[in-house]
Amino acid sequence: MSQQYRSRPLGNGVALSEAYDTALLDLDGVVYAGGHAVVHAVESLGTAREGGMHLAYVTNNALRTPDAVAEHLTELGVPAEPADVITSAQAVARLMADQLPAGAKVLVVGGEGLRVALRERGLVPVESADDDPAAVAQGFGGPDLPWGRFAEAAYAITRGAVWFASNTDLTIPGARGIAPGNGAAVEVVRIATGAEPQVAGKPLPPMHRETVLRTGAKRPLVVGDRLDTDIEGAFNGGVDSLLVLTGVTDAAQLLAAGPRYRPTYVDRDLRGLLTGQPEVSEEDGGFRCVGWTAAVRGDALALEGEGDAIDGLRALCGAAWTYAGEGSCELDAAKAVAGLEL
C-alpha cells in the first residue's frame, strides 16, 4: 500500500513477483538502454512471467509503435505482444480525443508511434501549420527530428492550435550516455511561443489512467529508473514502486529525494522482482538493514557495516528520508555513498 510520507524503503517477506499481480515496467534504463538489454533484465523478466506475474511495458517514449516495441523486446529475449506495451503516445491521443471532435486535424511533431496512436483515436495527423490543425501533438522524434518541425509547431500554436505533449522527460538514456529527451524539445517550442502544453505522460494522471485501462491491473507495481517520472507517477497513482539503479538515478539523488519521489523498494536491477526485500529498522538512533547501519552525524550521513552494498543504500535511505521528513535531504552523502560498490 502506498503512503503519503515514506521514511524508509519497505520490507517484504515474499518475492515482489508474488506480492503483486502486474509489473508496470519502464523501458529505457530498466529493460533496455540504447537498443540493448540491461544486464539481468531478460532472465529476471522471464522468471517473473513464468511465475505468473503479468508484465506490462509502460514507456514515456512516444517514438515507436507498440508493435515495434513488442518486436524489439521479443528480439531481446523478452517475449511481448503489442497489447503488453503502453506508450505516452497512446495516453496523449486519448487525452486529445476527449477534447477534440472526431476527424480533427493534428499537427504531429514526433515519430510514427504518435501518428499511429492518433489515428487509433479517430484523429488525422498532418504535417504543416498551413493545414489548419486544431491541435499540435509533440512527442519524442529521435535524434534526426528536423529543427523545422519545432518551427511548424510554433506557427500552429501561435495561430490558435491547442498544444499537447506526450511527456516532458528532459533526458533519455542511451548506449553512449544521457541524451536530450522530449522535454528538452518541448522547451524549445515553449520559449518560442510562450504557451504551455497539456501533458499526458508519466508522472501525470493520464498515463496512469491509460495503463490501468489497458492492463486491468489489480495489484500493480511500478518499476522504473527515474524518480521524477516513474516513482512520482506511482505516488500520484497511489501504487507501490521499485526503483532500479540501471538508468538515470544514482545513489545521491535517491538519498536526496522528497516524499513524492521516494520508492517503496530499491534494488540494483530487475533481479529485485524475484526476491523479498529486507526490512530497514530504526535502532539506537540509526537505521539498520541486514549488515549495515546508517546515521546522521553532524551535517553528513555516515554508514558502517558490511555485506551487500544495496542493503547499505537502503539503510542510508532510512537515515536520509527520516531526517528530511517532508522535505528533501541536503546532508552530505558523498563519503557514505563512496564506500558502496553498487
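Reader: Before we start, what do buried and exposed mean here?
Author: Buried means under 20% relative accessible area, exposed means over 50%, and partly exposed is in between. Also, keep in mind that this is a predicted model.

Reader: Okay, so is W147 buried or exposed?
Author: W147 is exposed, because its relative accessible area is 61%.

Reader: And F150, buried or exposed?
Author: F150 has a relative accessible area of 11%, so that one is buried.

Reader: How many aromatic pairs are there in the whole structure?
Author: A search of the whole structure finds two. One is formed by Y20 and Y265, edge-to-face, with 6.2 Å centre to centre and 75° between the planes.

Reader: Where in the chain do Y20 and Y265 sit?
Author: Y20 is in the loop between α1 (16-19) and β1 (22-25), while Y265 is in strand β15. They are 245 residues apart, so to speak of distant parts of the chain being linked by this pair is fair. Both Y20 and Y265 are buried.

Reader: What about the rings of W147 and F150, how are they arranged?
Author: Their centres are 5.3 Å apart and the planes are at 85°, so this pair is edge-to-face.

Reader: You mentioned β15. What's the strand order in the open sheet of six strands?
Author: The order is β5-β4-β1-β13-β14-β15, and the pairing is parallel.

Reader: Which strands stand at the edges?
Author: β5 (85-87) and β15 (265-267) do. Each has a single partner strand, so one side of each has no neighbour in the sheet.

Reader: What's the twist from one strand to the next?
Author: It averages 25°.

Reader: Over how many bridges do β4 and β5 pair?
Author: Strand β4, residues 54-59, pairs with β5 over three bridges, in the parallel sense. T59 has T87 of β5 as its bridge partner.

Reader: What holds strands together in general?
Author: Strands of a sheet pair through backbone hydrogen bonds, either parallel or antiparallel.

Reader: Where do I find an antiparallel pair, then?
Author: Look at β18 (residues 292-297) and β19 (residues 300-305), which run antiparallel and are joined by six bridges. In that pair, T293 is matched with E304 of β19. The hairpin of β18 and β19 has two residues between the strands, and G298 takes a positive phi near 65° there.

Reader: Switching to helices: is α9 largely enclosed or left open?
Author: Helix α9 (residues 227-237) is largely enclosed by the rest of the structure, because eight of its 11 residues are buried. Among them are L227, I231 and F235.

Reader: What covers the buried residues of α9?
Author: The cover includes β13 (220-224), β14 (240-244) and α10 (251-255). G238, which follows α9, has a positive phi, near 70°.

Reader: And Q90, which helix is that in?
Author: Q90 lies in helix α4, residues 88-97. With 5% relative accessibility, Q90 counts as buried. Leaving out residues up to four places away in sequence, Q90 touches P66, V85, A117, E210 and R214.

Reader: T65 caught my eye too. Where is that?
Author: T65 is in the loop between β4 and α3 (66-76). T65 counts as buried at 13% relative accessibility. Beyond its neighbours within four places in sequence, T65 is in contact with E112, G113 and V116.

Reader: How many disulfides does a search of the whole structure find?
Author: Zero.

Reader: Why is there no bond between C289 and C317?
Author: The sulfur of C289 is 9.5 Å from the closest cysteine sulfur, the one in C317, and that is too far for a bond. C289 is buried, with a relative accessible area of 0%, and C317 is buried with a relative accessible area of 0% as well.

Reader: Last topic: how many residues are in the largest nonpolar core?
Author: That core has 31 residues, and L254, L301 and L340 are among those with the most contacts inside it. The largest share, 10 residues, comes from α11. L340 touches W292, L303, A309, G312, L313 and L316, residues up to four places away in sequence not counted.

Reader: Which residues are in the other core?
Author: Another core, of 28 residues, lies apart from it, and includes L25, V31, A70 and V244.

Notes
Residues are numbered from 1 along each chain as its sequence is written. This is a predicted model: local features need pLDDT of at least 70, side-chain atom pairs count only at pLDDT 80 or more; totals for chains, interfaces and linings use all residues. Side-chain values use heavy atoms; hydrogens and water are left out. Two strands pair if DSSP finds at least two bridges between them. Helices (H or I, at least four residues) and strands (E, at least two) are DSSP runs, numbered from the N terminus. Axes are lines fitted to C-alpha atoms, for helices over the stretch in contact, and angles run from 0 to 180 degrees between N-to-C directions. Buried means under 20% relative accessible area, exposed over 50%, partly exposed in between (1.4 Å probe, protein chains only). Contact means heavy atoms within 4.5 Å. A disulfide is a pair of cysteine sulfur atoms within 2.5 Å. Rings of Phe, Tyr and Trp (its six-membered ring) pair if their centres lie within 6.5 Å; planes under 30 degrees apart count as stacked, over 60 as edge-to-face and the rest as tilted. A nonpolar core is a set of buried Ala, Val, Leu, Ile, Met, Phe, Trp, Tyr and Cys residues joined through side-chain atoms within 4.5 Å.
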